[in-house]
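Trainee: Please take a close look at one part of this model for me. I would like the salt bridge treated in detail, then set among its surroundings.

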Amino acid sequence: MTQSINRTALFNASCLALITTAFTFAIRAGILPQLGEEFGLSAEQLGFINSMWFLGFPISMILGGLFYHTIGPKVIMNIAFISHTIGILLTIFAGGYTTLLISTLFIGFGNGCTEAACNPMIADMYTGVKMNKMLNRFHMWFPGGIVLGSLISKFMTDFGFGWEAQIWIMMVPTIAYAVLFFGKAFPKPSVEGATSVSSNFKAMISPLYIFLFICMAITAITEFGTQQWANVVLDSSGASGMLILALTTGVMAVGRFFAGPVVGKLGQTGVLLGGAIFATIGIYMFSVVTGPMAYVAAVIFAVGVCYFWPVMVGAVAQRVPLSGALGMSIIGGVGMFSTAIWQPVIGSWIDSARASNVAAGLSGTDLELATGQETLLKLTMFPSVLIVLFIILFIWQKNVKVNAAEAH
């Protein structure tokens with residue numbers, strides 16, 4: 001049975017599905033101004049449309065994790081294809097605000113299905129350092145796809161292509177992954193006890209899983225919170241926010257491609273601890289530098305966060321294997337929920353900093369720069385906490401044997 005599974009084809013199809021996810025993130029962001037203008041939408045309404053992406057994602061991840069061992073990754077990816085297709089077509093033929101809300105929810109649901117199916121499937125196809133390497137190479141295509149999608153959207157917008165044409169581009173990787181998955185045999189779950197939902201929940205109330213759950217919430221907001229706000233802030237510092245985004249995601253993609261030797265040398269806990277240190281330095285630099293040095297900060301920050309998401313998922317797969325696909329999906333879901341929860345908090349920090357800087361007599365670019373840098377300085381709190389948590393994890397897990405892993 002093992003010989004009938006084409007791991008290369010399944011892995012490549014998974015990467016194409018994640019590129020679809022990245023395109024929906026990048027291209028939809030690129031066409032927001034056009035959508036707002038065509039349909040007369042306010043910024044608040046555009047914000048609610050975007051929120052549907054983050055709502056659909058964790059919902060389907062958790063549902064996919066619950067039913068992974070019952071219906072398998074093949075069925076979940078069929079649902080992903082249907083959801084992506086419906087969401088894309090509804091967007092193209094949208095008649096207004098309500099249709100855009102529904103279409104984005106479908107797309108977010110399809111994106112979550114992709115993570116729910118592909119993460120445990122890759123963990124079932126590979127073991128040890130190889131599994132960490134392949135999970136990182138899979139997740140490489142989210143930042144890599146964002147770079148590609150952002151450039152495509154910018155190119156098409158600059159050359160006068162409408163938003164509908166840009167949305168059609170999303171169908172290219174969607175059809176490609178469906179074709180590549182078609183007719184393939186999928187792997188069976190490799191952990192016997194993980195087929196029981198009760199076993200999953202029992203494993204998930206273990207101290208280690210709860211600890212990883214907390215760490216994932218903080219790693220996610222460190223990555224996504226900083227990226228979202230830094231891009232806006234740095235436009236006032238003499239650096240290009242779009243170039244910062246491209247540089248950051250580009251470095252993350254390259255880093256994840258070469259994750260195998262890095263994780264093999266340092267181990268999961270070593271990589272996570274090193275990432276927290278680099279992320280703290282990078283965010284702090286964002287809060288104090290201007291001009292070209294912001295690009296240096298972007299590289300350091302990207303090195304820090306690039307391994308967080310895939311290595312956290314890999315840590316659950318190897319260190320809490322009986323949590324199964326559900327445990328991996330819950331970990332991914334908490335990352336998305338954490339990002340959503342902290343956004344208004346970070347926004348309130350910006351409002352407070354702006355008010356105090358206005359009172360101090362600042363205005364224009366000086367006001368925006370001071371406000372943003374003050375907020376970014378507060379964001380260093382997250383990776384600083386992670387340094388402490390990952391030191392604890394490093395010591396805790398130093399001599400613990402994990403599933404076919406070679407490093408602590």
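Mentor: What follows starts at the salt bridge and then moves out to helix packing, a surface patch and a few distances. Keep in mind that this is a predicted model.

Start with the count. The structure holds 1 salt bridge. Its partners are Arg-354 and Glu-368. Their closest N and O atoms are 2.9 Å apart. The cut-off for a salt bridge is 4 Å between such atoms, so the pair qualifies at 2.9 Å.

Now place the partners. Arg-354 sits in helix α14, which covers residues 324-359. Glu-368 sits in helix α15, which covers residues 364-379. The two residues are 14 apart in sequence, so the bridge ties together parts from two helices.

How buried or exposed is each partner? Arg-354 has a relative accessibility of 27% and counts as partly exposed. Glu-368 has 31% and is also classed as partly exposed. The reason lies in the class limits: buried means under 20%, exposed means over 50%, and partly exposed lies in between.

Take Arg-354 once more, this time against a residue further along the chain. Lys-398 is 44 residues away from Arg-354 in sequence. Their C-alpha atoms are 45 Å apart in space.

Follow the Glu-368 side next. Helix α15, the home of Glu-368, packs with helix α11, residues 259-288. The axes of α11 and α15 come within 7 Å. They cross at roughly 165 degrees. That makes α11 roughly antiparallel to α15, because angles over 145 degrees fall in that class. The crossing of α11 and α15 is left-handed.

Two other helix pairs can be read in the same way. Helix α1, residues 7-39, packs with helix α7, residues 171-181, at about 160 degrees. Their axes are 8 Å apart. At this angle α1 is roughly antiparallel to α7. Their crossing is left-handed.

Then take helix α3, residues 97-125, and helix α4, residues 128-139. Their axes come within 9 Å and cross at roughly 155 degrees. Again the class is roughly antiparallel, here for α3 relative to α4. The crossing of α3 and α4 is right-handed.

Now the surface. A nonpolar patch of about 590 Å² is built from Leu-55, Ile-59, Leu-63, Phe-67, Ile-71, Val-75, Ile-79 and Leu-105. Helix α2, residues 43-92, gives the largest share of this patch, with 7 residues. Val-75 is a good one to examine. It belongs to the patch and is placed in helix α2. Its relative accessible area is 36%, which makes Val-75 partly exposed. Patch members need over 30%, so Val-75 passes that limit at 36%.

Finish with helix α8, residues 197-204. Two of its residues are of use here: Val-197 and Lys-202. Val-197 is partly exposed, at 31% relative accessibility. Lys-202 is exposed, at 66%.

Each has a distance to consider. Val-197 and Thr-70 are 127 residues apart in sequence, yet their C-alpha atoms are 9.8 Å apart in space. Lys-202 and Leu-89 are 113 residues apart along the chain, and their C-alpha atoms are separated by 41 Å.

To return to your request: the part to look at is the Arg-354 and Glu-368 pair, with its closest N and O atoms 2.9 Å apart. It links helix α14 to helix α15. From there, α15 leads on to α11, with axes that come within 7 Å.

Note on methods: Residues numbered from 1 in each chain as written. Predicted model: local features only at pLDDT ≥ 70, side-chain atom pairs only at ≥ 80, totals over all residues. Heavy atoms only, no water. Patch = residues over 30% accessible without salt bridge, like charges linked within 9 Å, V, L, I, M, F, W, Y side chains within 5 Å. Areas by Shrake-Rupley, 256 points an atom, 1.4 Å probe, with all protein chains shown as cover. Salt bridge = Lys/Arg side-chain N within 4 Å of Asp/Glu carboxyl O. Helix = DSSP H or I, 4+ residues; strand = E, 2+ residues; numbered from the N terminus. Buried < 20%, exposed > 50% of the residue type's maximum accessible area, 1.4 Å probe, protein only. Axes fitted to C-alpha atoms, helices over the stretch in contact; angles between N-to-C directions. Parallel < 35°, antiparallel > 145°, perpendicular 65-115°, else oblique. Left-handed = near helix turned anticlockwise from the far one by under 90°.
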